[in-house]
Amino acid sequence: MPDLPPPILSPASTALHMGAAMRDLSPAYETTAAIHLDGLTRRFAAGGTLALDGVSLDVAPGEIFGIVGRSGAGKSTLIRCVNLLERPDAGRIAVFGQDLLALDEPALRAARRGIGMVFQHFNLHTRRTVSENIAFPLEIAGLSRAEIRARVAEILPLVGLEAKRDAWPAQLSGGQKQRVGIARALASRPKILLCDEATSALDPETTAEILELIRGLRDRLELTVLLITHEMGVVKAICDQVAVMEAGRIIEQGRVFDVFTRPDQPTTRRFVAEVIGHSVPPSTIARLPPPRAEEIRRLAQVVFAGPHSTRAVVSEASRDFGIDINIVSGRVDEIAGEPFGVMALAAYGPAAAVEAGFAWMRGLGLTVTEIEA
Amino acid sequence: MSWLTPTMRDLLLEALWETALMVGISAAIAVVIGLPIALLLHVTAREGLSPRVWINRPLGLLVNAARSTPFIILMVAIIPFTRLVAGTSIGTAAAIVPLALAATAFLARLFENALHEVDKGVIEAARAMGATRLQIVTKVLVPEALPGLIAATTVSLVSLVGFSAMAGAVGGGGLGDLGIRFGYQRFMPEVMASVVLILILLVQGLQSFGDWLVRRVSHR
Ligand SMILES: Nc1ncnc2c1ncn2[C@@H]1O[C@H](COP(=O)(O)OP(=O)(O)OP(=O)(O)O)[C@@H](O)[C@H]1O
Ligand SMILES: [Mg+2]
């Protein structure tokens, strides 16, 4: 790594001058967030583009927070800032109120033990068995052999690997390797788990298993999880909150259910469409009958969420506004236990009636997006 | 086998012993000195654990200088140094000095390559877990590179067998020297043939043993 510029002067580093006692007593930030990122900026090459362009983010304790974005959006750079594998050029990082950028090397190493990390390519030691891999963080923390043995025995069943304790990583499937990775990350009892594309090298079934495991461990161990992914399916499966990144910025953020049912930004819509599958093939649109004389045809995608997700919206609109509605496609789904439906509708009728019908639907809180025919 | 008189047999055995001594001792020295040099080169590299250009550059140049000097010239060029270390400039002990020097430079580079082959991800994981630099070197870098380090040592042992034959030039003795003196100068092709055969077997044996050891320690 090239020489890094010193971190900008943060409140805690000014506190350093006020004496050690002061520093120890006062947390760096008045924040209830487990992870607090403020204005992170990172530029790799002088004159190059910003990998991080002022990213601010709060992850509440106990939350599973997902960050999605296309390749190169800056997701890895961001998550690597949380344990300072990557140092931002500017900004603040607080983990449970502790200002990481103000720590010296030994203190940073200690802080890192409280932050577990799981990697896309597992990054296991090839010459250590499953047990020895899990023991690694405990060994470097200086625990005794007996303590290490006890802790490894405790954690193996959590990830369902008792039978593989003496296997070499090369003898494991991808899913099993990631279980070892997770066990290793959790060995030193961290309160935070960082997952950098933890399931991107796995098949869909194994992905589901690993995600379920992470969710279960979050509940049992009261972890806070920050995970990055380029698959919206991962977010849909386990996240509570999601942020969408593009070109080093967070462009949209919110509760997963809200972002899925009411995406705001075009990039978010494309991501959401991956999982929800709103799009109607052009050949289907071409086959729809044209409107009669004096009438219009409007294609729209309607997302039903919340209290109206089970209401007979289509027949009500058809009856009350005198329009014909052709359901081109539709499905119901569930995100985080909340039901929602997605439909592609073709509405036929006098222009004013169609507009009024759509306006009425919007008035009910449904998300109506017109599809260009 | 009329040429294989007891005297000739003793000569062959003695030569084999001298070769083993030259190869074994210089390889041992090369490993002991070459590994720290390789670690230093690796760690101080621009993308290394603690980049130090002012260490990396000169050290790299020194290693390359030793490596690019033809062995026969190196051997003659360092005679004063040899005399200082071994107390003499001829004989098996004297041959070991240039052999060890050449092997150290050679092995340092091979070791550095082996360290370079270690998956960066494992290093990163260790950093994320709060490992110190020393722990990363001793508990990750070297253990993960071990199969590569053994393979590199095997390669240099084999090269050393060849170089040690040249060491006959400074009266180092050994199989190469025997082959030249008896097989060539006294025109005893049987001696030459048996020397070559022993050398082939020696190299084969070393290579097979090295390969076996690599297989044993790697779990890929
Ligand atoms: N070590 C580095 N040196 C130079 N540029 C880098 C480095 N790491 C990342 N970048 C650049 O920073 C930008 C963001 O990279 P990053 O790896 O954070 O993206 P990402 O969202 O994780 O992408 P992916 O989904 O492909 O993993 C990219 O333009 C990348 O080329
Ligand atoms: Mg990435």
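This is a short group-meeting talk about a predicted model with a chain A and a chain B.

Okay, hi everyone. One thing before I start: what you see above is a predicted model, so please keep that in mind throughout.

Let's begin with chain A. It has 373 residues, and 49% of them are buried. For secondary structure, chain A comes out at 14 helices and 14 strands. If you lay the C-alpha trace along its principal axes, it spans about 85 × 50 × 35 Å.

What does the record say about this chain? UniProt, in an unreviewed entry, puts the annotation "domain: ABC transporter" on residues 35–272 of chain A. In the model, that span is 38% helix and 26% strand, and its two end C-alpha atoms sit 25 Å apart.

How do the contacts in chain A look along the sequence? Take the contacts between residues at least 6 apart: 70% of those join residues at least 24 apart.

On to the surface. Chain A has an accessible surface of about 16600 Å², and carbon and sulfur atoms make up 52% of that. As for charges, there are 40 positive and 44 negative side chains in chain A, with the centres of the two sets 5 Å apart.

Now for the cysteines. How many disulfides are there over all chains? The count is 0. Why is A:C81 not bonded to another cysteine? Its closest cysteine sulfur belongs to A:C195 and is 17 Å away, so the gap is too far for a bond. A:C81 is also buried, at 0% relative accessibility. Then there's A:C239, which is in no disulfide either: the nearest cysteine sulfur, again from A:C195, is 9.3 Å away. A:C239 is buried too, with a relative accessible area of 4%.

Next, a few loop residues in chain A that I'd like you to find on the structure.

Start with A:L84. You'll find it in the loop between α3 (75–82) and β4 (90–95). Its phi is near 60°, which is a positive value in a residue other than glycine. Is A:L84 buried or exposed? It counts as buried, because its relative accessibility is 3% and the cut-off for buried is under 20%.

A:F122 is another one to look at. It lies in the loop between β6 (115–119) and α5 (130–140). Here phi is near 65°, again positive in a residue other than glycine. A:F122 counts as buried at 12% relative accessibility.

The last loop residue is A:A198, between β7 (192–196) and α8 (204–221). At 6% relative accessibility, A:A198 is buried. Which residues does A:A198 touch, leaving out those up to four places away in sequence? They are A:V118, A:F119, A:Q120 and A:Q178. Now go 22 residues along the chain from A:A198 and you get to A:R220; the C-alpha atoms of these two are separated by 20 Å.

Right, chain B. How many helices and strands does it have? There are 9 helices and 0 strands, so reading from the N terminus you just get α-α-α-α-α-α-α-α-α. Its C-alpha atoms fill a box of roughly 70 × 40 × 25 Å along the principal axes. Of its 220 residues, 46% count as buried.

For chain B contacts with a separation of 6 or more, 72% come from residues 24 or more positions apart. The accessible surface of chain B is about 11100 Å², and 69% of it belongs to carbon and sulfur atoms. Chain B has 16 positive and 12 negative charges, and the mean positions of the two groups are 8 Å apart.

Where does UniProt place the feature "transmembrane region" in chain B? The unreviewed entry gives residues 20–41, 61–82, 88–111, 149–171 and 191–214. I'll pick out two of these. Residues 88–111 are 83% helix and 0% strand, with end C-alpha atoms 31 Å apart. Residues 191–214 are 100% helix and 0% strand, and there the end C-alpha atoms lie 34 Å apart.

One last residue, B:H42. It's found in helix α1 (residues 6–44) of chain B. B:H42 is buried, with a relative accessible area of 15%. Not counting residues up to four places away in sequence, it touches B:G48, B:E112, B:L115, B:H116 and B:L141.

That's it from me, thanks for listening!

Notes
Residues numbered from 1 in each chain as written. Chains lettered and ligands numbered in written order. Predicted model: local features only at pLDDT ≥ 70, side-chain atom pairs only at ≥ 80, totals over all residues. Heavy atoms only, no water. UniProt positions renumbered as here; feature names shortened; annotations may be inferred. Helix = DSSP H or I, 4+ residues; strand = E, 2+ residues; numbered from the N terminus. Buried < 20%, exposed > 50% of the residue type's maximum accessible area, 1.4 Å probe, protein only. Contact = heavy atoms within 4.5 Å. Areas by Shrake-Rupley, 256 points an atom, 1.4 Å probe, with all protein chains shown as cover. Lys, Arg positive; Asp, Glu negative; His and termini not counted. Charge placed at Lys NZ, Arg CZ, Asp CG, Glu CD. Disulfide = S-S within 2.5 Å.
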